[in-house]
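Reader: I have a model open and would like to learn how to read its features one at a time. Please take me through it.

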Amino acid sequence: MQRTIEIADFELPRGAVTIHTLMAMDQAAWEHLRGEINFRRARQPDRPLARCRLCGGAVYIRAQTTRSGNVPMFAHYTDATAGDCPWYQGANLVPDNARAAQYQGHQECALHRWMCDTIANLLEQDPRCAKVTVDRYLKPAIEDRGRYPDVYAEIEGVGRFAFEVQLSKPFAFEIAARHQHYQAEGVSLIWVFRGLDAELPQGFRDVISFQRGNAFLFDEAAFNASIQAGGLTLSAWLEGANGWLKPRFARLDDLDRGTGRSVFLEDRRTPGLIEHCRAAREIWRPLLRTGAPFDFANPATLEKFAPAWASIRSHVPALSAWKDAYWYETEMRGVPHFLEIAAILFSIARTAIDGEDRVYVSRYNKEGALVAMLNARLSGFTFMPYAALFEAMLTGTRAHDYLERTSLRTALRKARGKVKQVGPEHAIWTAAARLFPEVYNGMLRAELADLRALPTWAAPGTAINREAA
Ligand SMILES: [Zn+2]
């Protein structure tokens with residue numbers, strides 16, 4: 001079996017030409033191509049018009065005589081250093097697994113190199129492009145690479161970009177490390193795939209997650225769009241509610257680089273996170289009112305708040321068992337007790353939002369009301385187990401400076417010392433974390449902070465800025 005060159009890469013704008021495309025060409029078309037190759041070879045022998053995809057050696061079009069006429073084939077120039085090329089004519093492919101795997105590796109490596117070179121060429125076509133480099137020593141496996149990106153480009157007025165062409169599965173640790181490295185350097189990192197399989201390995205998912213639900217492909221469509229546009233164009237695949245949306249073309253100028261850590265055409269993830277936070281609180285909003293304290297044990301009030309209780313219990317089923325256990329232990333009803341705790345947390349949140357004291361559980365609503373209310377609640381055994389919960393809520397909001405008040409610090413310390421505190425494993429804490437994930441859910445809080453999407457009321461570093469009493 002004779003090997004033939006299956007893909008030849010022509011200088012842009014022609015790009016890749018497969019042996020099938022070549023053989024399907026009109027005779028006039030391939031003869032023209034053949035002439036152009038030879039003409040270039042005569043003028044600039046070290047800058048061939050077409051190269052073998054696998055070895056990068058110069059190729060020409062040979063006319064093979066058959067019974068049905070001349071058929072075009074790609075062939076290496078005999079002076080090429082292509083002796084090792086698996087597509088070199090005469091090198092038969094032995095059908096054993098090791099050789100087949102090696103051949104597969106060659107092909108992937110070659111595709112990787114071609115994608116890097118082509119992306120670099122397209123970037124250079126942008127008149128604003130000040131610098132482009134391609135890492136010549138890269139390997140298809142990410143762990144073999146040096147710390148240089150596959151392609152690096154500086155586009156004046158747009159930014160500095162690192163492209164990682166990823167054909168095989170990347171590793172989570174490397175992905176995060178690279179994002180961190182480039183973010184620190186002020187370089188925008190873009191991962192470029194060739195295709196998206198239906199069953200994506202986790203490594204690809206991790207990349208897409210970093211890119212806020214965006215996948216960028218340099219595929220056939222992107223190549224054609226790039227040639228047409230005269231510059232790098234990527235196929236952008238965006239996550240929808242059920243799978244991918246219809247892919248769109250994206251130029252570098254279209255991309256959002258505002259959040260620093262990742263580059264995306266459209267953030268498909270953050271709105272979902274913000275909605276997740278908002279959803280559990282929505283039902284409480286019209287029920288709570290400042291300066292109009294509720295006796296949550298009153299049957300009419302309980303009925304009014306029934307939808308709020310049903311909502312939080314659907315999010316945190318463990319509340320049902322807690323309610324039963326609470327009755328068994330204290331002979332007090334759990335629902336009014338939980339509503340009171342929730343209203344205290346909402347008071348802290350509202351105070352942090354408005355920047356002045358807002359209390360849902362007492363009539364007194366003037367300056368100092370929040371601390372007065374917390375001190376009063378913490379002085380009784382009923383709410384003492386929640387000192388840590390309230391403190392965590394204050395710490396995670398703009399109202400954290402209330403913790404500087406001596407009276408509150410004392411009340412918290414005494415409560416902690418007297419009774420065992422409810423902790424993150426407790427149903428009440430879980431419910432608080434579902435109502436205020438921005439505060440209690442460390443992972444989500446960190447993610448929102450990374451994306452600079454943490455709401456001001458929950459942002460660290462800001463404070464309501466009152467003097468400690
Ligand atoms: Zn070759």
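Reader: Which arrangement do the four donor atoms around the zinc ion make?

Author: Ideal angles at a metal are 109.5 degrees for four tetrahedral donors. Here the four donor atoms subtend angles of 104 to 112° around the zinc ion, so the arrangement is tetrahedral (four donors count as such if all angles lie between 85 and 135 degrees). This is a predicted model, in which local features need pLDDT of at least 70 and side-chain atom pairs pLDDT 80 or more, while totals for chains, interfaces and linings use all residues. Residues are numbered from 1 along each chain as its sequence is written, and side-chain values use heavy atoms, with hydrogens and water left out.

Reader: Which residues are the protein donors of the zinc ion?

Author: They are Cys52 (SG), Cys55 (SG), His76 (NE2) and Cys85 (SG), at 2.0 to 2.3 Å from the ion. A donor is an N, O or S atom within 2.8 Å of the metal (3.2 Å for Na, K and Ca); water is not among the atoms, so sites may look incomplete. Along the sequence, the spacing of the donor residues reads C-x2-C-x20-H-x8-C.

Reader: How are H12 and H13 oriented to each other?

Author: Two packed helices are described by the angle between their axes and the distance between the axes. Helix H12 (residues 369-378) packs on helix H13 (residues 387-395) at about 160°, with axes 11 Å apart. The two are therefore roughly antiparallel (over 145 degrees; under 35 is roughly parallel, 65 to 115 roughly perpendicular, and the rest oblique). Axes are lines fitted to C-alpha atoms, for helices over the stretch in contact, and angles run from 0 to 180 degrees between N-to-C directions. Helices (H or I, at least four residues) and strands (E, at least two) are DSSP runs, numbered from the N terminus.

Reader: Which residues meet between H12 and H13?

Author: Leu370, Leu374 and Leu378 of H12 meet Ala387, Phe390 and Leu394 of H13 (contact means heavy atoms within 4.5 Å). By class, this contact has six nonpolar, no polar and no charged residues. Ala, Val, Leu, Ile, Met, Phe, Trp, Tyr, Cys and Pro count as nonpolar, Asp, Glu, Lys and Arg as charged, and the others, Gly among them, as polar.

Reader: At what angle do H10 and H15 pack?

Author: Helix H10 (residues 318-330) and helix H15 (residues 427-435) pack at about 140°, their axes 9 Å apart. H10 and H15 are therefore oblique. Ala318, Leu319 and Trp322 in H10 meet Ala427, Ile428 and Ala431 in H15.

Reader: What about the backbone?

Author: Leu12 and Pro13 are joined by a cis peptide bond, with omega about 10°. Pro13 sits in the loop between strand S1 (7-10) and strand S2 (15-18). Arg212, not a glycine, has a positive phi of about 55°. Arg212 lies in the loop between helix H5 (202-210) and strand S10 (214-217).

Technical notes:
Four donors count as tetrahedral if all angles lie between 85 and 135 degrees; four count as square planar and six as octahedral if opposite donors are over 155 degrees apart and all others between 65 and 115; anything else is irregular.
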